Amino acid sequence: MIVLTAGIGCKKDKQGDNSSTQSSTEKKWVVSTIAGDGTGGFANGAALSAKFNAPVDVAVAPDGTLYVADYKNHRIRKIASGQVSTLAGNNSSGILNGNGPLAQFEDPYRIALDAGGNLYVLDEHDIRIRKISPTADVSTYAGTDKPGFLNGAVSIAQFQQDEGGIVADAQGNIYIGDTFNNSIRKISAGQVSTLAGSGAEGFRDGDAGVAQFRFPDGIAFDQHGNLYVADQGNFCIRKITPDGLVSRFAGSGLSGSADGNAGVAQFNFISDMVADNMGNLYVIDDNRIRKVTPEGVVSTIAGSTAGYGYVDGDGTSARFAGLAGLAIDAQGNIYTADINNNRIRKISFE
């Protein structure tokens, strides 16, 4: 769930030692600003002079083009060749299909790309999943305007408001972290089904049909087809194998900020996540970005528990002011929407 208070809170092989004893010749995570002048507003143009108003999510295409869910501007923005433009939406809040600026969104806050270049949008105050084609045609992809929990044809299927996660697989199937239905939904060949979760709030591992989640949020696939879930209410990351087994992957289940091995590490407020091509996960946890190795070892690569701020530079010295969405490119560079700084930030291993 997105809450606009001091920040917005409730989604896509680089390794290194981020300790304080690191020498100047060793690689480290570095945070930089790639778009936004820090002023809340609306302006296209050169990336660092452009204005966003509470950007909440990012997605990156294979060619490096970035897309931004610009929450308070009711638009999907595009960053390419150092320029910011509007892909779809206008300054009116509403639900209207059409091409580019003729379409309307209320509060877009989660986006994901498929292999065909189609962009899928979750809107905090609209239950339907919207689709934007490469030519900027906006349509309704699945769901109705009525909240509920109903599988079946996309035209009648129901989701709960505030779906928290969205991702596409290599075959173009779309998966939704249906947060308040406590389940992971799948959209394939015009049909909506439940991939995992009984619908009951709780914690239970095992077969996907009986497993329980508590407010699942961001979701991400690894290169082996495992789906990872930010199980927000259980303070841990869950894993769903291709054959439908659910297990705890990392996190002790206790709220906290401790790094370490899978069983002792702690998460506090996990939301979106992405995976690199080596199977590492990167997860937003409050104002930090955490890394989880394929073995479940958790570390902090950027940000701090010290609170809100705006600082570029060395990852652990960097500061953010509200994070909600992540993206990752083929080189392992991570992008995040820094909500209250009204900027798009990049975290690279240099």
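## Rings and odd phi angles

Ring pairs link W29, Y282 and F349 into a cluster. Rings of Phe, Tyr and Trp (its six-membered ring) pair if their centres lie within 6.5 Å. This is a predicted model, where local features need pLDDT of at least 70, side-chain atom pairs count only at pLDDT 80 or more, and totals for chains, interfaces and linings use all residues. Numbering starts from 1 along each chain as its sequence is written, and side-chain values use heavy atoms, with hydrogens and water left out.

**Exercise 1.** Work out why the pair of Y120 and Y141 is edge-to-face.

*Solution.* Start with the whole structure: a search finds six aromatic pairs. For Y120 and Y141, the ring centres are 5.0 Å apart and the planes meet at 70°, so the pair is edge-to-face (planes under 30 degrees apart are stacked, over 60 edge-to-face, the rest tilted). Next, place them: Y120 is in strand 9 and Y141 in strand 11, 21 residues apart (strands are DSSP runs of E, at least two residues, numbered from the N terminus).

**Exercise 2.** Is D162, with its positive phi, buried or exposed? Do A189 too.

*Solution.* First, the backbone: most residues other than glycine have a negative phi. Still, D162 has a positive phi of about 70°, and A189 one of about 50°. Then check accessibility: D162 is buried at 7%, whereas A189 is exposed at 78% (relative accessible area under 20% is buried, over 50% exposed, in between partly exposed; 1.4 Å probe, protein chains only). Finally, locate them: D162 is in the loop between strands 12 and 13, A189 in the loop between strands 15 and 16.

Key. Helix = DSSP H or I, 4+ residues; strand = E, 2+ residues; numbered from the N terminus.
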